[in-house]
Every structure is written in structure tokens, then in C-alpha cells.
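Colleague: Before I rely on any of the labels attached to this model, I would like to go through them with you and hear what stands behind each one.

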Amino acid sequence: MLDRSSEITAIVAGSDLLAFGALQALRERNLRCPSDVSVTGYNNIPFGDLVSPGLTTVSVRHDELGREAGQMLLGAIEGDKGVRTVVLPTELVIRSSTAPAKY
């Protein structure tokens, strides 16, 4: 993606680990985060605040996520074939890997 377009200003990764990979890819191309490209992840894993730059992330309560997943699994084992949508509260944790958009 970075090799195909020089107009990318932000990367929204599906997980913090993928965001760490994006930060590495930026370093390999001598791009600076966040002045050249902002990066954000998802999960708020431990140590996300210790990398440089600190990773902006979307935080979800892992205990609630696990509880809901367990209930869905038990339901499936008991024969529940229904589709269920669960929306859990999240929080944006802003650290130094994001900057205001450039216009």
C-alpha cells in the first residue's frame, strides 16, 4: 500500500500488532509517524504506550469480550443456531502515533 501511493496520511490497523507492523514498514521507508503518516490500532494491548511513538488505539474491555464469546460458544454447543450481534463499549486512547489531518 505504501509503495503504491504517496498520498496515504493515516493507517487504521485491525489490531495493535498489525499497527506495530505498520510502524515498522514506515521506518523501513524513512517515513515518520505521525508527521508523515498517522497510525492507530485496536485492542490496547499492554506495552502499546511503551513503543515509540506511543500507539493510539481503540480499547475494548477484554473481560467483557471473553464473557460474550464464551456465552456464544456455549449457545452453539447447546444447539443455538441463531445469529446474535453484540456491541461492546470502546474507548479511543490517543497517544503520539496520530496527528491532525493535513489538508
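Modeller: What follows is a conversation about the sheet, the salt bridges and the surface, and it concerns a predicted model.

Colleague: Let us begin with the sheet: how many strands does it have, and what is their order?

Modeller: The open sheet has four strands in the order E1-E2-E3-E4, and its pairing is mixed. From one strand to the next, the twist averages 15 degrees.

Colleague: What makes E1 and E4 the edge strands?

Modeller: Strand E1 (10-12) and strand E4 (90-93) each pair on one side only, and that is what places them at the edges.

Colleague: How do you know that E1 and E2 pair, and in which sense do they run?

Modeller: Two strands are said to pair if there are at least two bridges between them, and three bridges join E1 to strand E2 (residues 38-42), so this pair meets the requirement, with the strands running parallel. As one example of these contacts, Ala-10 has Ser-38 in E2 as its bridge partner.

Colleague: What makes the pairing of the sheet as a whole mixed?

Modeller: E2 and E3 pair in the parallel sense over three bridges, whereas E3 and E4 are joined by four bridges and run antiparallel. Thr-57 can be followed on both sides of E3, since it stands opposite Gly-41 and also has Val-93 in E4 as its bridge partner.

Colleague: Why is E3 described as mostly covered?

Modeller: Buried means under 20% relative accessible area, and four of the five residues of E3 are buried, which is why the strand is described in this way. Helix H1 (residues 16-28) lies across E1, E2 and strand E3 (56-60), and it runs at about 160 degrees to E2.

Colleague: Turning to the charged side chains, what makes the contact between Arg-29 and Asp-3 a salt bridge?

Modeller: The cut-off is 4 Å between a side-chain nitrogen of Lys or Arg and a carboxyl oxygen of Asp or Glu, and the N to O distance between Arg-29 and Asp-3 is 2.9 Å, so the pair qualifies. The two residues belong to distant parts of the chain, Arg-29 lying in the loop between H1 and E2 and Asp-3 in the segment before E1, 26 residues apart.

Colleague: Why is Arg-29 called partly exposed, and why is Asp-3 called exposed?

Modeller: Exposed means over 50% relative accessible area, and partly exposed lies between that limit and the 20% below which a residue is buried. Arg-29, at 33%, therefore counts as partly exposed, while Asp-3, at 65%, counts as exposed.

Colleague: How do you know that Arg-32 and Asp-36 form a salt bridge?

Modeller: Their closest N and O atoms are 3.3 Å apart, which is within 4 Å, so the contact counts. Arg-32 is exposed because its relative accessible area is 51%, which is over 50%, and Asp-36 is partly exposed because its value of 21% is not under 20%.

Colleague: What makes the pair of Arg-84 and Glu-68 a link between distant parts of the chain?

Modeller: Arg-84 sits in the loop between H2 and E4 and Glu-68 in helix H2, 16 residues apart, and their side chains meet in a salt bridge of 2.4 Å, N to O. Arg-84 counts as partly exposed because its relative accessibility is 41%. Elsewhere, Arg-61, Asp-63 and Glu-64 are joined into one network by salt bridges that share partners, and the whole structure has five salt bridges.

Colleague: Why is His-62 called partly exposed, rather than buried or exposed?

Modeller: His-62, in helix H2, has a relative accessibility of 44%, which is neither under 20% nor over 50%, so it counts as partly exposed. Leaving aside residues up to four places away in sequence, His-62 touches Asn-43 and Asn-44.

Colleague: Finally, what makes Leu-73, Leu-74 and Ile-77 a patch on the surface?

Modeller: Members of a patch need over 30% relative accessible area, and Leu-73 has 53% while Ile-77 has 63%, so both pass that limit and also count as exposed. Together with Leu-74 they form a nonpolar patch of about 340 Å² of accessible area. Leu-73 is in helix H2, and Ile-77 has its place in helix H2 (residues 62-77) as well.

Note on methods. Residues are numbered from 1 along each chain as its sequence is written. This is a predicted model: local features need pLDDT of at least 70, side-chain atom pairs count only at pLDDT 80 or more; totals for chains, interfaces and linings use all residues. Side-chain values use heavy atoms; hydrogens and water are left out. Patches are made of residues with over 30% relative accessible area and no salt bridge: like charges are joined within 9 Å, nonpolar side chains (Val, Leu, Ile, Met, Phe, Trp, Tyr) within 5 Å. Accessible areas come from the Shrake-Rupley method with a 1.4 Å probe; for residues, only the protein chains shown count as cover. Buried means under 20% relative accessible area, exposed over 50%, partly exposed in between (1.4 Å probe, protein chains only). Axes are lines fitted to C-alpha atoms, for helices over the stretch in contact, and angles run from 0 to 180 degrees between N-to-C directions. Contact means heavy atoms within 4.5 Å.
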